Structure formats: C-alpha cells, structure tokens
Amino acid sequence: MPTAPAREITAASRLDNVRYAIRDLACVADEVIQQGHNVLPLNVGDPLNFDFQTPPHIIEAAYKAMRDGKNGYAPSPGVPEALEAIRGEAVRKGITTVRDVFVTAGVSETVDLCLAALVNPGEDVLTPSPDYPLYSAVLCKLGIKLNVYDLDENDGWQPELADIQRKVTPGTRGIVLINPNNPTGSLCTRQMLEQIAEVARRHNLIVFADEIYDKLILDSENEKATPHLAFAAVAPDVPCVTFGGMSKNYLVPGWRIGWGIVSGDAAAVKTYTEGVHRLLRARLCANHPEQYAIKPALEGPQDHLVEVRRKLRSRRDLTQKWCEATPRVSCVAPRGAFYAYPKIDIPESDEIFVKELIRQKHVMVVHGSGFGQKPGTQHFRIVFLPDEKTLTKAYAGIAEFILERYGN
Ligand SMILES: Cc1ncc(COP(=O)(O)O)c(C=O)c1O
C-alpha cells in the first residue's frame with residue numbers, strides 16, 4: 001500500500017541552545033581517526049582514560065553487593081548505609097546543619113533534580129561564566145533564561161561579586177558555585193564564600209555548591225589536611241545543596257554515583273526538600289549495588305588520593321610551565337581538579353583554533369566559547385590527566401600549531 005513520505009520529527013525548540021562542547025568535538029576527532037591518526041584526548045575529564053585505577057576495595061564492595069542480591073530497585077533517596085556515610089562525610093567537612101541527604105545517578109542527576117525542583121517559568125538561577133556546561137543545558141531544557149555571572153580572570157578566576165550583585169533579579173532563586181572549579185581549576189577564598197553567603201541571605205537564594213572535586217586540592221602542603229572549604233560549613237544558616245560524588249575523588253565515573261547534602265535553616269529548606277524527594281521518587285532510584293561502595297569509599301583507606309594528587313600536581317606544574325613559556329598563551333595556575341584554562345591571543349575564534357588543532361596536530365582540547373567567556377577573549381580548556389610524556393608531546397604539538405598558524 002502506498003504510504004505518504006515520512007515527515008520530519010523535530011526536536012523541541014527549547015533544546016536549540018543545549019550544547020556540550022566537550023563531547024560535541026568528537027565528530028571532528030572521528031574525521032581524523034578515520035584518516036588513520038591517533039588523537040591525544042585532552043578534552044574529557046575521565047581519569048580512567050589514563051594511568052589512574054579505581055581502588056580495589058571499592059570495586060569489591062560493589063561486586064559483593066551484586067553477589068548478595070542487591071540488584072533490585074533501591075529506596076528512592078538511597079540505601080540507608082550510604083546515606084549515613086554521606087552524613088558522616090558532611091560532618092567531617094564541618095557542615096553542622098545537615099537537613100537531608102540523597103543519592104543520585106552521578107552529580108549530573110543531582111544538578112538536574114535540584115534545578116528542576118527549584119525554578120518556575122520566568123525565574124532564574126545565577127550560573128558562572130565560564131561554566132560547567134551541564135548547568136546551562138539543564139536550564140535550557142527547563143525553558144529557563146540563562147543569567148550568568150562572571151568569574152574574574154584577573155583575580156585568579158574568583159567569582160566577580162559586583163557582577164553577582166548586579167545580576168540578581170526579583171526572579172532569581174539560586175546561585176551555582178563550582179569549587180574547585182571546572183573549567184578554571186580555581187578555588188574560592190573563604191572571604192568570597194562569606195560574601196556570596198551574604199548575597200544569598202539578602203536575596204533569599206539557595207546555593208548549589210558543586211564540590212565534586214573537593215579532594216583534589218593540589219596546593220596542600222600537608223597531605224593529611226583537607227584544605228577544601230565547604231560553602232555549607234562557612235554559611236551553615238544559608239539554604240544550600242552541596243553536590244558530591246564518586247566519579248572524580250574515587251575514580252569511578254562510569255558507575256554514576258553522586259549525592260546532594262541539604263543544609264541551612266530547617267524551616268527554610270523544608271518545602272524545597274520535599275519537592276526534590278517527589279522527583280527522586282518519580283525516577284525510582286539511583287544505581288543500586290554501587291551505592292554499597294559509598295561507605296567503604298568515604299570511610300575506608302584514602303591512600304589512592306595521595307597518589308592521585310601527587311601525579312596531578314606534577315602534571316599541573318608541567319602544564320603551567322608550558323603556558324608560561326609559550327607565546328600567545330597565559331594561564332592562571334590551577335589549584336584544584338585537573339583542568340587548566342589558558343587564555344590565548346589569536347586573531348580568530350577559539351572554536352576554529354581547537355578544530356584546526358585536532359585536524360592538524362591531532363590534539364583535542366575544548367574551546368573557551370564552549371564554556372562561556374567574556375566577549376573578546378579566547379581560551380581553551382586542557383585536561384592535564386595524561387602522563388608527563390603524553391602531555392609533553394601534546395604541548396609540543398600545540399606550540400608548533402600556534403607558531404605555524406599565528407607566528408610569535
Ligand atoms: C563541575 C562538575 N559537576 C558535575 C560533573 C558531573 O559529574 P558526575 O560524573 O558525578 O555526573 C562534572 C563532571 O565532569 C563536573 O566537572
């Protein structure tokens with residue numbers, strides 16, 4: 001029987017601005033791979049792509065949970081022993097006003113649920129620029145107009161307080177703080193956290209403190225110390241959800257385990273927390289057996305972190321030296337996580353720079369415009385997870401490319 005030609009099924013127009021530059025570049029890399037070249041991937045923040053291994057006792061805990069039959073649905077907020085371990089971690093971080101904790105499929109799902117539970121049409125949430133792009137993607141998905149505040153490159157990428165104050169509108173409901181920061185590698189000072197808390201108090205905002213990299217602080221003199229300052233510890237009264245997870249600190253990004261810790265004035269966060277739980281129930285549960293690895297991870301041996309930070313510190317130093325020695329490149333030294341966000345002085349867009357770099361030198365970094373940046377500036381994000389030999393080769397390729405394409 002003749003049928004009418006199929007008509008195109010279009011995607012929702014609110015997705016028009018959903019971009020994830022980190023993975024979108026894969027198409028360009030595929031072209032190069034099809035021509036028979038290897039691409040050096042300095043684009044995705046997955047330590048397991050390099051010489052980092054998941055601590056065996058964590059794997060054993062998840063495996064044991066599977067063998068013990070923990071393969072059905074879990075309780076929607078998470079399994080009790082994981083929740084208790086996360087509460088313990090909050091206390092160790094100095095968070096004294098914990099009101100609720102819940103487990104999610106990675107911090108990605110925490111971000112999704114926490115934003116969805118907060119904003120109504122016409123309202124907004126302040127997000128940093130540059131930004132980890134998931135925040136703007138989720139807000140676009142929810143049909144929310146973006147309201148970004150600048151991070152100040154001239155002040156070590158600290159949030160620009162005056163810009164935050166300027167951008168708060170009557171419809172602003174919350175503020176996202178990524179600390180340690182992706183993509184800049186910066187750490188917020190105590191004073192900055194206190195000042196942001198003051199803005200939150202004045203305008204009745206909830207703070208989403210994304211602290212997924214809190215154990216990857218590279219400037220600590222004393223390895224035993226945990227120098228990361230949790231926002232919720234600095235401002236116990238301010239409504240806050242602290243985002244944490246297993247992906248980075250415990251080297252299991254593929255397990256998809258994250259969590260939220262709700263803190264602040266109990267009455268102020270009650271209704272919002274109930275909203276989050278409605279969404280938690282609607283999506284049934286987070287990955288079940290992996291949740292049994294949360295307690296062994298948070299409470300067991302932390303030796304792997306000493307080794308991870310040692311490697312990252314050496315790779316950060318190499319990266320910083322290269323940035324200082326390379327014409328047209330300058331960089332605020334990263335202090336946490338595994339990203340550097342150099343500025344580059346070139347007469348074309350950083351997106352063209354990055355795509356041509358992949359095509360010509362087979363090195364993959366991510367353009368600054370994929371994260372948001374001040375107009376007229378250009379940057380690229382480096383993931384400095386590879387070993388020193390690989391990084392040295394990649395940096396030689398980038399330096400050569402800059403010289404050939406733009407001169408000194
Ligand atoms: C700042 C930040 N938040 C959240 C995430 C997502 O983490 P997860 O693997 O827990 O979903 C990432 C991943 O790179 C990140 O950099």
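Which strands each supply at least two residues of the lining of the largest cavity? They are β8 (240-245) and β9 (258-263). This is a predicted model. It holds two cavities of 30 Å³ or more. Its largest nonpolar core has 131 residues. An open sheet of three strands is also described below.

**Largest cavity**

- The largest cavity contains about 100 Å³ of space.
- Its lining is made up of 13 residues.
- E89, K93, D214, G244 and W259 are the lining residues nearest the centre of the largest cavity.
- Strand β8 gives four residues, the largest share of this lining.
- By class, the lining of the largest cavity has five charged residues, four polar and four nonpolar.

**Second largest cavity**

- The volume of the second largest cavity is about 70 Å³.
- Residues lining the second largest cavity include P128, Y149, L151, W157, Q158 and P159.
- Also among them are L177, I178, N181, S186, L187 and C188.
- Two or more residues of this lining come from each of β4 (147-152), β5 (158-159) and β6 (172-178).
- Nine residues of the lining of the second largest cavity are nonpolar and three are polar.
- No charged residue lines the second largest cavity, whereas five charged residues line the largest cavity.

**Nonpolar core**

- In soluble globular proteins, nonpolar side chains tend to be buried together.
- Within the largest nonpolar core, the residues with the most contacts are F208, F231, M246, F353 and I398.
- Helix α14 (residues 388-406) provides seven residues, the largest share of this core.
- With neighbours within four places in sequence left aside, F353 is in contact with I344, I346 and F380.
- The contacts of F353 also include I398, F401, I402 and Y406.
- I398 therefore appears twice: it is among the core residues with the most contacts, and it is a contact of F353.

**Three-stranded sheet**

- The open sheet runs in the order β11-β15-β14, with antiparallel pairing.
- β11 (339-340) and β14 (366-367) are at the edges, and each has a single partner strand, so one side of each has no neighbour in the sheet.
- Strand β15 (residues 380-383) pairs with β14 over two bridges, in the antiparallel sense.
- Across this pairing, V366 stands opposite R381 in β15.

Technical notes:
Residues numbered from 1 in each chain as written. Predicted model: local features only at pLDDT ≥ 70, side-chain atom pairs only at ≥ 80, totals over all residues. Heavy atoms only, no water. 1 Å grid on protein atoms, 1.4 Å probe; cavity = no way out; pocket = protein on both sides within 12 Å on 5 of 7 lines; lining within 4 Å. Points joined across faces, edges and corners; volume = space filled by probe spheres on them. Nonpolar A, V, L, I, M, F, W, Y, C, P; charged D, E, K, R; others polar. Core = buried A, V, L, I, M, F, W, Y, C linked by side-chain atoms within 4.5 Å. Buried < 20%, exposed > 50% of the residue type's maximum accessible area, 1.4 Å probe, protein only. Contact = heavy atoms within 4.5 Å. Pairing = 2+ DSSP bridges.
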